Amino acid sequence: MSPHRAVTLGLAGTGRIGTSHAETLRKLPNVGAVLVADADADRARTTAAVLGVEFAPDLDALFAAGLDGLIIATATDAHPELIIRAVDAGIPVFCEKPVAADITGTLAVIEHTRDSTVPVQIGFQRRFDAGYRAARAAIRSGELGWLHTLRATTLDPAPPPAEYISRSGGIFRDCGVHDFDIIRWVTGREISEVFALGSNRGGSYFAEAGDVDTAAVLLSLDDGALANVSLTRYNGAGYDVRLEALGSEGNAIVGLDDRAPLTSVEPDHSPSPYPPYSGFMERFRPAYADELAAFIEVATGQRDNPCTPVDALEAFYVAEACEVSRRERRAVEIAEVRR
């Protein structure tokens, strides 16, 4: 495919993230057409009309449209089938995480696509955020010396609805997996062992789904560095996503800006006049745009795949180990869940 001709992109799934992706795609250079489809055809039709993109009445019509790339933003249980169908049709894929709902499903997709030259990029948007990229550069350059501690937070201001939680896979697979992936990515190290605890002080539907609304994780990296990950669905102060990389010679902190929802009680501190981010869509909007722009470059052969299904699997292994650790209240080595 010529990298200079306008591409035709299909988007499956017009929920919140899918609609946002459609809006972003139609503004990117070298995008000639965007077609959207959804299991709810009326929702896709409305999205297409509002955004000024094209409507495909079903997935068959979408796949028959001569696509140069497919963006998958459907519910997780549809990811494996759509990835495989697109790859078999020779269509490059961008799929929001996760690849599948569990490790078995993820491995099946990886095995099916292993020998294909068709790229499959998985959506971990933090890899495209300017702050995380700067932290990675500082760590990889040796500017921070050797790392002794990382502290990561993903603290949502309000919980998702009960019907989402029941299908989410749990706080580690749905939420913490972003932290696990970005810790691997910025450090270049593997996570070797985890110890995780969880609690439920909010809505009863978390416990009813076998999930928790708050969690704390201690990670051991393969070079001896330690990482703490804090997760919650109930951070009333606002959306708080940060990473602190602390080294023998310095530190780098992502997310410490005027919109971080942190309240200092020191008497000489002046509070920020700026409101906190409303959620991940607002906080990472530029990263999402850069991620989709990167996918177009991947689809047109201009760059290597920045996040493969194997990358996603490694973060998923950590999430799986955390769930085992929480349930059994013990440390779990990643090797124990690896297949």
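Pro98 turns up in the loop between β5 (93-96) and α5 (103-113), and this model is a predicted one. Let's work through a few spots.

**Exercise 1.** Find out which form, cis or trans, the peptide bond from Lys97 to Pro98 takes.

*Solution.* Start with the background: most peptide bonds are trans. Now check omega for the bond from Lys97 to Pro98, which is near -5 degrees. That bond is cis.

**Exercise 2.** Look at Asn30 and work out where it lies and whether it is buried, exposed or partly exposed.

*Solution.* First, place Asn30: it lies in the loop between α1 (16-25) and β2 (31-37). Next, look at its backbone, where phi is positive at about 70 degrees, though Asn30 is not a glycine. Last, its relative accessible area is 42%. Partly exposed runs between 20% and 50%, so Asn30 is partly exposed.

**Exercise 3.** Classify the ring pair Phe94 and Phe295 as stacked, tilted or edge-to-face.

*Solution.* A search of the whole structure gives three aromatic pairs. For Phe94 and Phe295, the ring centres are 5.9 Å apart and the planes meet at 55 degrees. Stacked needs under 30 degrees and edge-to-face over 60, so this pair is tilted. Now place the partners: Phe94 is in strand β5 and Phe295 in helix α11 (residues 285-299), so the pair ties together parts 201 residues apart in sequence. Both Phe94 and Phe295 are buried.

**Exercise 4.** Find which charged ends sit over the ring of Tyr277.

*Solution.* Take Arg259 to begin with: its charged end sits over the ring of Tyr277, 4.1 Å from the centre. Then try Arg283, whose charged end also sits over that ring, 5.9 Å from the centre.

Note on methods. Residues numbered from 1 in each chain as written. Predicted model: local features only at pLDDT ≥ 70, side-chain atom pairs only at ≥ 80, totals over all residues. Heavy atoms only, no water. Helix = DSSP H or I, 4+ residues; strand = E, 2+ residues; numbered from the N terminus. Buried < 20%, exposed > 50% of the residue type's maximum accessible area, 1.4 Å probe, protein only. Phe/Tyr/Trp six-rings, centres within 6.5 Å; stacked < 30°, edge-to-face > 60°. Lys NZ or Arg CZ within 6 Å of the ring centre and 35° of its normal.
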